[in-house]
Amino acid sequence: MNLIPKSYPSLIDIYTNTQIIDPDTNETINRWNYLEPETVACNVVALKPKETLEIFGKQYEHKKFVKIETASKFDLSQQAGNVRSKRGAVYFQPGDDPYVFNISNVNTQIDQLGSIVCYELYLEFFAALSEIAR
C-alpha cells in the first residue's frame with residue numbers, strides 16, 4: 001500500500017535490544033524482542049525524499065523512510081516495524097512479512113507555549129522481519 005504524504009492514525013511495534021551475559025562463557029548475547037514488541041498508537045506519514053518539502057541529502061534519495069508521530073519517546077537504539085492502520089491494514093510491506101526499520105532520528109514537536117505535542121521518529125528501512133527474527 002502506498003501512502004501520499006498525509007498523516008494516518010495507526011499502530012506500530014517497537015523492538016528493543018537487550019543484552020544478556022551467558023554465565024558459563026561470559027559471552028554477551030544481544031536479543032531483540034521481535035516476538036513480544038511494545039505496540040503504540042501513532043500517526044504515520046510516508047516520506048519520499050524527492051516528493052517532500054523536507055530536505056534530504058543525495059545519499060538518501062533511494063532509501064525508504066517513514067515519519068512517525070507518537071506520544072511516547074523512543075531512542076535510536078530501538079527499532080520499529082509492523083506499521084498498520086488501527087483496522088489492521090498493513091503499510092510498507094509485501095505480503096505477510098513485516099518490514100523492520102531503524103529509528104534514525106528523533107525530534108520533539110513543541111507548541112507555542114513550550115509544551116511537548118509529540119515525538120517525531122524518522123524510520124529508515126532495515127530488513128524484512130523474516131530475515132532477522134530467527
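**Exercise 1. Classify Asn 82 as buried or exposed, and compare its backbone with that of Asn 26.**

Step 1. Asn 82 has a relative accessible area of 19%, so this residue is buried. The cut-off for buried is under 20%. The model is a predicted one.

Step 2. Asn 82 belongs to strand β6. Its phi is positive, about 50°, although the residue is not a glycine.

Step 3. Asn 26 also carries a positive phi without being a glycine, with a value near 60°. This residue sits in the loop between β2 (17-21) and β3 (28-32).

Step 4. The relative accessible area of Asn 26 is 61%, so Asn 26 is exposed. The cut-off for exposed is over 50%.

**Exercise 2. Determine how strand β5 is enclosed, and which strand it pairs with.**

Step 1. Strand β5 covers residues 65-70, and six of its six residues are buried, so the strand is largely enclosed by the rest of the structure.

Step 2. In a regular strand, side chains alternate between the two faces of the sheet. For β5, one side holds Phe 65, Lys 67 and Glu 69, and the other holds Val 66, Ile 68 and Thr 70. Both faces are covered.

Step 3. The pairing partner is β8 (residues 116-128), joined to β5 by six bridges in an antiparallel arrangement. Within β8, Leu 123 is the bridge partner of Val 66.

Step 4. Take Thr 70 as a single case from this strand. Its relative accessible area is 3%, so Thr 70 is buried. Discounting residues up to four places away in sequence, Thr 70 touches Val 40, Ala 41, Cys 42, Cys 118, Tyr 119 and Leu 121. A polar atom of the Thr 70 side chain also lies 3.3 Å from the backbone nitrogen of Ser 72.

**Exercise 3. Describe the largest nonpolar core and the strands that supply it.**

Step 1. The largest nonpolar core contains 18 residues. Ile 12, Ile 68, Phe 92 and Leu 123 have the most contacts inside it.

Step 2. At least two residues of this core come from each of β1 (8-15), β4 (38-47), β5, β6 (79-85), β7 (99-110) and β8.

Step 3. Consider the surroundings of Ile 12. Leaving out residues up to four places away in sequence, its contacts include Val 40, Cys 42, Ile 68, Val 83 and Leu 123. Polar or charged residues are touched as well, among them Glu 38, Asn 82 and Arg 84.

**Exercise 4. Find how many salt bridges the structure holds, and state where the partners lie and how accessible they are.**

Step 1. The structure holds two salt bridges.

Step 2. One joins the side chains of Arg 84 and Asp 13, with an N to O distance of 3.3 Å. Arg 84 is in strand β6 and Asp 13 in strand β1, so the pair ties together parts that are 71 residues apart in sequence.

Step 3. Arg 84 counts as buried at 14% relative accessibility, and Asp 13 counts as buried at 6%.

Step 4. Glu 120 and Lys 67 also form a salt bridge, their closest N and O atoms being 3.5 Å apart. This pair links distant parts of the chain, since Glu 120 is in strand β8 and Lys 67 in strand β5, 53 residues apart.

Step 5. With 11% relative accessibility, Glu 120 counts as buried. Lys 67, at 12%, counts as buried too.

How values were computed
Residues numbered from 1 in each chain as written. Predicted model: local features only at pLDDT ≥ 70, side-chain atom pairs only at ≥ 80, totals over all residues. Heavy atoms only, no water. Buried < 20%, exposed > 50% of the residue type's maximum accessible area, 1.4 Å probe, protein only. Helix = DSSP H or I, 4+ residues; strand = E, 2+ residues; numbered from the N terminus. Pairing = 2+ DSSP bridges. Core = buried A, V, L, I, M, F, W, Y, C linked by side-chain atoms within 4.5 Å. Contact = heavy atoms within 4.5 Å. Salt bridge = Lys/Arg side-chain N within 4 Å of Asp/Glu carboxyl O. Polar contact = N/O pair within 3.5 Å; in protein donor to acceptor, adjacent residues only side chain to side chain.
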